[in-house]
Amino acid sequence: MRLLILEHSLHDAELMFLELKGAGLVFEHVLAEDQEQFREALRQGHFDVVLSDYRLPGWTGLDALKELRAIDKDLPFLLVTGTLGEEAAVECVKQGVSDYVLKDHISRLPAALKRAIHEKNLRKRAEEALRLSELRNHDLVENSVYGIFRVAADSSFLDANPALLRILGCASFEQLSSLNLVRDVFRFPEQHAQLSASCRELGQVHGAEAEWRRRDGGVVAVRLNLRCLQLAGQLDCMEVIAEDVTELRAMERQLRQAQKFEAIGQLAGGIAHDFNNVVGAILGWAELGLEQNCANPQVAERFARIREQGERAATLTRELLAFARRQILQPRAVDLNTVVGGVASFLDKVISKDIELKVITAPLDPIKADPTQIEQVLMNLSINARDAMTGGGRLILETEMVELDDSYCRFYPHVTPGRYAVLSVSDTGVGMGTDTRERIFEPFFTTKERDKGSGMGLATVYGIVKQHGGLIHVYSELGQGSLFRVYLPVMEGNMEGGFSGHAPVASTAEMRGTEMILLADDHESMREMARQTLVGLGYRVLSACNGEDALRLCETDTPAMAVLDVIMPKLGGAATAAKLAERFAGLPVLFTSGYSQDSEGVAAAIANSRYLQKPYSPTALGRMVREILDGAAKTATS
Ligand SMILES: Nc1ncnc2c1ncn2[C@@H]1O[C@H](COP(=O)(O)OP(=O)(O)OP(=O)(O)O)[C@@H](O)[C@H]1O
Ligand SMILES: [Mg+2]
């Protein structure tokens with residue numbers, strides 16, 4: 001043990017030594033007689049305890065204690081003094097003296113010294129335990145998959161863990177701290193207002209759901225637990241734990257939809273089956289009545305009417321059976337392109353002249369299907385497209401091969417990975433809002449006038465596609481046209497009469513990339529479709545809902561190209577492209593629009609730009625983006 005003794009009386013120091021040695025303590029010591037020697041000793045050596053007299057020439061033990069505490073908060077300091085007034089004693093305790101021993105009772109010194117050292121050891125152990133527990137808690141928060149953070153009363157971020165940065169797509173805590181929870185993160189500020197009001201009232205809120213905006217323009221669904229708390233110097237703070245439930249909710253929606261259709265299908269199929277027999281009988285009797293009354297035209301006409309209505313009922317029944325997947329299929333190897341060709345030549349006659357029909361086909365593997373059913377699918381989709389373009393427009397039928405891999409199927413649990421022939425039907429018509437889009441596959445759902453539509457067209461499509469083991473996706477937005485994509489699985493192995501060899505898949509591998517792409521479109525579902533397509537291909541995407549937003553996103557990042565909608569609020573595509581060109585010389589731009597006339601002009605007028613007609617398919621976008629980026633790279637190297 002090493003002692004530092006501050007004592008100007010050698011005699012008193014001797015007494016201390018005697019007492020300590022008498023108690024069997026083994027120690028080395030340094031004796032300091034004044035301030036200077038005391039400081040020097042502290043500079044030079046390491047000590048376990050300081051023993052100090054109170055009254056020193058021109059100085060007090062209390063002054064020494066203050067100096068010591070400035071450099072070492074924990075070293076035990078014992079006063080050994082002749083007298084100590086009450087006031088001085090109180091002050092000494094306040095300053096953190098470990099103990100004091102009066103010289104008259106010097107025999108108490110060894111015990112006091114041992115206790116001071118023991119207490120210091122206890123403190124050290126407690127501090128170590130505290131440090132470890134803090135470390136463990138910190139580790140828990142840092143590695144949590146939940147976003148954990150605190151915000152001040154003005155909704156600025158006080159602290160946050162890495163999971164929150166991931167959920168919001170922030171690169172660093174600095175970037176996060178420039179954001180405000182209400183202004184920049186909550187998609188609907190009133191949602192935040194409601195949550196913080198309940199939190200203030202109840203102290204905490206559990207399991208509330210909200211939508212947040214990511215830094216790249218995407219949207220995430222989060223489940224929140226909030227707690228009100230007061231921090232030192234900060235009133236009305238809020239602690240939040242956020243779980244990203246975007247994927248989970250998407251899957252639940254799909255499952256609900258599938259279950260709903262399953263239930264409706266059961267019911268419709270059951271009714272249709274019995275109804276079929278009834279209708280069959282009515283048709284039969286009507287036929288007989290008609291035959292037997294050739295001589296009586298008035299009665300014959302009545303029977304003809306009955307037969308006509310009976311046939312309508314029979315069609316409806318067939319459609320219901322198709323929706324319920326109870327049709328009897330006659331599958332064989334079918335080339336989807338042949339079906340498309342057949343329907344297209346027929347369509348030419350039934351669509352008006354102001355609708356331009358375009359057919360784009362790619363080599364396909366055969367599918368195992370009932371061709372008349374697939375014709376039905378294509379017809380129903382095309383007729384709907386025609387009905388959506390009363391003022392004219394463009395109808396595109398497109399085929400391609402795609403490969404759905406495991407990563408895709410993770411999002412769509414009921415889909416089997418593999419090769420699919422895809423049929424896209426897109427139009428530039430009136431499009432649909434969310435409310436319509438969510439119901440279109442329901443039997444009898446129609447927005448058309450009475451007698452114009454039965455609402456069975458898409459229900460039939462849905463049933464047929466499902467019965468063929470396929471899937472159907474729809475992208476549409478009010479005023480932006482619609483895009484239906486039907487995926488049909490290719491036939492396993494070679495079937496007689498089928499064709500051999502694999503058609504090339506417009507391989508995702510060829511379309512992949514890691515470049516940063518700026519995407520701006522004010523129509524959310526189109527933008528999300530494009531964003532997910534590009535992210536799925538490996539690109540990093542900045543997604544903006546208008547031109548101004550796009551320019552803001554580019555303040556910190558440099559995009560390799562931009563995909564801009566021509567008509568957007570705040571700043572349109574052409575103006576945005578001009579501003580981008582000032583900042584990033586030679587930046588390639590892909591304009592997209594549903595209004596072809598003016599838009600193709602925009603692309604022609606702006607250097608380094610191309611044009612893609614909306615609604616475009618994910619593959620068309622993927623291909624075009626890769627082509628543009630490769631073209632730009634070639635220009636840069638040549
Ligand atoms: N291409 C499209 N553009 C815009 N809306 C569409 C399109 N396709 C379908 N819809 C909407 O979906 C609804 C349901 O379509 P569905 O084909 O099932 O029935 P329908 O066309 O109304 O009647 P039916 O096809 O039985 O004659 C339509 O009424 C329409 O509102
Ligand atoms: Mg229809």
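In strand β6, Leu 79 has Tyr 100 of strand β7 as its bridge partner. The model in which this pairing occurs is predicted. The two strands, β6 with residues 77–81 and β7 with residues 99–102, run parallel and are joined by four bridges. Helix α4, residues 86–95, completes a β-α-β unit with β6 and β7, and the unit is right-handed.

On its other pairing, β6 is joined to strand β3, residues 49–52, by three bridges, again in the parallel sense. Val 50 is matched there with Phe 77 of β6 as its bridge partner. These pairings belong to an open sheet of five strands, ordered β2-β1-β3-β6-β7, with parallel pairing. The edges of the sheet are formed by β2, residues 28–32, and by β7, each of which pairs on one side only. From one strand to the next, the twist averages 20 degrees.

A second open sheet, also of five strands, follows the order β14-β16-β17-β19-β18, and its pairing is mixed. Here the edge strands are β14, spanning 355–360, and β18, spanning 471–476, and each of them pairs on one side only. Neighbouring strands are turned against each other by 15 degrees on average when direction is ignored.

Both senses of pairing can be followed at the edges of the mixed sheet. At one edge, β14 pairs with strand β16, residues 393–404, in the parallel sense over six bridges. Val 359 has its bridge partner in β16, namely Leu 397. At the other edge, β18 and strand β19, residues 482–489, are antiparallel and share six bridges. Val 474 stands opposite Phe 484 of β19. The strands β18 and β19 form a hairpin, with five residues between them. In the turn of this hairpin, Gly 479 has a positive phi of about 75 degrees.

Ligand 1 is surrounded by 23 residues, of which Asn 384, Ala 388, Thr 446, Gly 453 and Gly 457 are the closest. Two elements, α13 (371–388) and α16 (457–467), give two or more residues to this shell. The largest contribution comes from α13, with four residues. By residue class, the shell around ligand 1 comprises nine nonpolar, 12 polar and two charged residues.

At the level of the whole protein, 22 helices and 24 strands are present. The domain assignment divides the protein into domain 1 (2–137), domain 2 (144–244), domain 3 (251–323), domain 4 (332–489) and domain 5 (508–637). Between the C-alpha centres of domain 3 and domain 5, the separation is 50 Å. The radius of gyration is 40 Å, whereas a compact globule of 638 residues would have a value near 26 Å. Taken along the principal axes, the box filled by the C-alpha atoms of the protein has dimensions of roughly 150 × 65 × 50 Å.

Definitions and conventions
Residues numbered from 1 in each chain as written. Chains lettered and ligands numbered in written order. Predicted model: local features only at pLDDT ≥ 70, side-chain atom pairs only at ≥ 80, totals over all residues. Domains from an automatic or database assignment. Pairing = 2+ DSSP bridges. Right-handed = clockwise from strand over helix to strand, strands pointing away. Axes fitted to C-alpha atoms, helices over the stretch in contact; angles between N-to-C directions. Near = placed C-beta within 6 Å. Nonpolar A, V, L, I, M, F, W, Y, C, P; charged D, E, K, R; others polar. Rg over C-alpha atoms; globule rule 2.2 N^0.38 Å.
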